[in-house]
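Biologist: I have this model open on my screen and would like to go through its cysteines, its cores and one of its helices. Could you walk me through the reasoning as we go?

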Amino acid sequence: MSSASTTSVFMPPAVTEVAKNVDTLYGFLLIASLISCILVIGGLIYFAMKYRRQGDNDKVPYISHNTALEFLWSFIPFVIFMVAFVWGWVVYYQLRTFPVDSMEVMVNAQKWNWVFTYKNGRKSPALLTVPVNQNVKLIMTSKDVLHSFFIPAFRNKQDVVPGRYTAVWFNAEKLGSYQVFCAEYCGDNHAGMLAKIDVVTRAEFDQWLSTEPYKGLAPAQIGQKIYSTSCIACHGLAPGEKKTGPTFAGIFGKTEELEGGGTVTVDENYIRESMMLPNAKIVKGFQGVMPTQSGQLDDEEVAGVIEYLKTLK
């Protein structure tokens with residue numbers, strides 16, 4: 001079992017140096033809060049019991065104030081708050097200061113998938129592969145609505161905003177596979193907007209980056225790979241299964257009723273049109289929420305999806 005699959009008490013295993021610093025700060029805040037709670041609530045209960053009224057003739061002694069005590073219960077929390085503030089600022093500065101030697105990867109968010117593009121032009125839907133102990137900077141934008149790129153094991157989260165670029169960086173110190181979530185509600189299949197980060201050795205990364213992603217695969221196999229990364233959140237494979245979009249089971253060659261009237265036969269042209277212009281002809285009973293795949297998939301990938309749909313019964 002890899003180190004990435006082990007669990008910790010409070011959070012996933014810390015995979016980066018910044019994540020370890022976040023955990024240490026979190027532990028300090030947790031312990032300080034626990035001690036403060038015990039002192040305040042414990043003191044309240046103790047004094048309530050010790051000085052509770054014993055009878056109708058009890059008299060409360062006159063107490064003006066205690067300067068030293070009043071100073072301490074103000075100064076000590078102030079020191080703790082300032083320590084937490086400075087410590088938090090240092091960790092935030094580490095999160096937001098990008099190393100100059102970072103490997104840059106473009107990230108495109110779109111309902112409901114992530115696409116990673118490397119400097120050599122290779123695209124990788126739903127899978128970010130990086131070398132271990134390498135500074136990596138992700139330059140991110142969205143094609144539709146606000147998303148949020150969240151890596152729990154790295155303690156890193158950054159909003160991904162349409163019409164502008166945001167960035168986040170990390171340096172993974174442990175080999176393994178780590179989960180990516182969208183942490184900003186973005187529609188029906190928000191929970192299915194997932195990706196993986198594979199941290200591999202430098203040699204494995206160099207080999208992966210230089211290899212054609214579909215080398216040796218038949219068109220239908222290419223389509224199956226595209227389905228598992230980009231289509232699975234919205235389209236099922238079981239007959240009659242209804243998600244955000246219609247099931248792919250037995251869909252090729254089928255005649256579908258359309259919203260607004262009319263019918264269409266699901267052939268090669270309709271499938272391509274539905275991928276590039278998804279709102280042109282919407283199947284009855286569904287909403288026009290599918291994002292365009294124009295610029296996301298090339299001709300080989302579109303043809304692969306078509307061939308894959310032909311194999312589904």
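Modeller: Happily, and keep in mind that this is a predicted model. The sulfur of Cys231 lies 8.3 Å from the closest cysteine sulfur, that of Cys234. A disulfide needs the two sulfur atoms within 2.5 Å, so 8.3 Å is too far for a bond.

Biologist: What makes Cys231 count as buried?

Modeller: Its relative accessibility is 16%, and buried means under 20%, so Cys231 counts as buried.

Biologist: How many disulfides does a search of the whole structure find?

Modeller: Zero. Cys182 is in none either: the nearest cysteine sulfur, in Cys186, is 3.9 Å away, and the cut-off is 2.5 Å.

Biologist: Why is Cys182 called buried?

Modeller: Because its relative accessible area is 6%, and the limit is under 20%.

Biologist: Which residues touch the most other members of the largest nonpolar core?

Modeller: That core has 35 residues, and the ones you ask about are Trp114, Leu128, Leu138, Phe149, Phe154, Phe170 and Ile197. Beyond its neighbours within four places in sequence, Ile197 is in contact with residues including Leu128, Val130, Ile151 and Phe154. Another core, of 23 residues, lies apart, with Phe286 and Leu297 among them.

Biologist: How do you know that Asp267 caps helix H5?

Modeller: One of its side-chain oxygens is 3.3 Å from the backbone nitrogen of Asn269, at the N-terminal end of H5. A polar contact asks for within 3.5 Å, so the 3.3 Å pair qualifies.

Biologist: And what do the buried residues of H5 pack against?

Modeller: Strand S12 (263-265) and helix H6 (299-311). Those buried residues are Tyr270, Ile271, Ser274, Met275 and Met276.

Notes
Residues are numbered from 1 along each chain as its sequence is written. This is a predicted model: local features need pLDDT of at least 70, side-chain atom pairs count only at pLDDT 80 or more; totals for chains, interfaces and linings use all residues. Side-chain values use heavy atoms; hydrogens and water are left out. Buried means under 20% relative accessible area, exposed over 50%, partly exposed in between (1.4 Å probe, protein chains only). Helices (H or I, at least four residues) and strands (E, at least two) are DSSP runs, numbered from the N terminus. Contact means heavy atoms within 4.5 Å. A polar contact is a pair of N or O atoms within 3.5 Å; within protein, one must be able to donate a hydrogen and the other to accept it, and residues adjacent in sequence count only if both atoms are side-chain atoms. A nonpolar core is a set of buried Ala, Val, Leu, Ile, Met, Phe, Trp, Tyr and Cys residues joined through side-chain atoms within 4.5 Å.
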